Amino acid sequence: PSSHVLVVGDGDLSFSAALASELRGGLVATTVESADELQQCYTGAAGNIKLLQCSGASVLHGVDATALTETLLPQLPCTARGDSPAFSRIVFNFPHTSGGLKRQRGLL
């Protein structure tokens, strides 16, 4: 679908929540952490998830931006896994990991 936007690398999902308020649907926000890990790392994540869901966005966890085929595609609805691109835009925010600067540079 031409109006779908994928966001990866958005730590506490605050960027995605702000974007979702402008897009009014068609947004898939992802985190590399599991839902439980995200709640432990970012105190504001729960509120951002609620905002995303209320705006019609999808929130997927356990998505590694360096391995989208393995971690994103299995979580998408079957209709989004066809031969044509599922997203018109992909936003990859500056990656931040708890593994330190060396690991972050490796992602770039």
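Trainee: Where does Leu73 lie?

Mentor: This is a predicted model, so let's read it as one. Leu73 is not inside a strand or helix itself; look between helix H4 (68-71) and S4. The place of Leu73 is the loop between H4 and S4.

Trainee: Is Leu73 buried, exposed or partly exposed?

Mentor: Buried means under 20% relative accessible area and exposed means over 50%. Leu73 has a relative accessible area of 34%. Because that value lies in between, Leu73 counts as partly exposed.

Trainee: How many Å apart in space are Leu73 and Val63?

Mentor: Along the sequence, Leu73 and Val63 are 10 residues apart. In space, going C-alpha to C-alpha, the two are separated by 9.2 Å.

Trainee: Let's zoom out. In what order do the elements of the protein chain run?

Mentor: The secondary structure comes to 5 helices and 4 strands. Start at the N terminus and follow the chain, and the elements run β-α-β-α-α-β-α-β-α.

Trainee: Which strands stand at the edges of the sheet?

Mentor: The 4 strands form an open sheet with parallel pairing, in the order S3-S2-S1-S4. Each edge strand has a single partner strand, so one side of it is left without a neighbour in the sheet. The edge strands are S3 (58-61) and S4 (89-92).

Trainee: By how many degrees are neighbouring strands of this sheet turned against each other on average?

Mentor: Here the direction of the strands is ignored. On average, neighbours in this sheet are turned by 15 degrees.

Trainee: Which residue in S4 is the bridge partner of Val5?

Mentor: Strand S1 covers residues 5-8, and it pairs with S4 in the parallel sense over 4 bridges. Val5 finds its bridge partner in S4, and that partner is Arg89.

Trainee: Is Arg89 buried or exposed?

Mentor: Arg89 sits in strand S4. Leaving out residues up to four places away in sequence, Arg89 touches His4, Val5 and Leu6. Even with those contacts, its relative accessibility is 57%, and the cut-off for this class is over 50%, so Arg89 counts as exposed.

Trainee: How far apart are the C-alpha atoms of Arg89 and Leu27?

Mentor: Along the chain, Arg89 and Leu27 are 62 residues apart. Their C-alpha atoms are separated by 9.7 Å.

Trainee: On to helix H1. What covers its buried residues?

Mentor: H1 takes in residues 14-23, and its buried residues are Ser16, Ala17 and Ala20. They cover an arc of only 100 degrees around the axis, which puts them on the same side of H1. An α-helix has 3.6 residues a turn, so residues three or four places apart point the same way. The cover over the buried residues of H1 includes S1, strand S2 (27-31) and helix H3 (45-54).

Trainee: What phi does Arg24 take?

Mentor: Arg24 comes just after H1. Its phi is positive, at about 60 degrees.

Trainee: How many disulfides does a search of the whole structure find?

Mentor: A disulfide is a covalent bond between the sulfur atoms of two cysteines. Take two cysteines here: Cys41 is exposed at 51% relative accessible area, and Cys54 is exposed at 67%. Searching the whole structure, the number of disulfides found is 0.

Trainee: What percentage of the residues of the protein chain count as buried?

Mentor: The chain exposes about 6,600 Å², with carbon and sulfur atoms supplying 54% of that area. Of its 108 residues, the share that counts as buried is 33%.

Terms used: Residues numbered from 1 in each chain as written. Predicted model: local features only at pLDDT ≥ 70, side-chain atom pairs only at ≥ 80, totals over all residues. Heavy atoms only, no water. Pairing = 2+ DSSP bridges. Helix = DSSP H or I, 4+ residues; strand = E, 2+ residues; numbered from the N terminus. Axes fitted to C-alpha atoms, helices over the stretch in contact; angles between N-to-C directions. Disulfide = S-S within 2.5 Å. Buried < 20%, exposed > 50% of the residue type's maximum accessible area, 1.4 Å probe, protein only. Contact = heavy atoms within 4.5 Å. Areas by Shrake-Rupley, 256 points an atom, 1.4 Å probe, with all protein chains shown as cover. Arc of directions from axis to C-beta.
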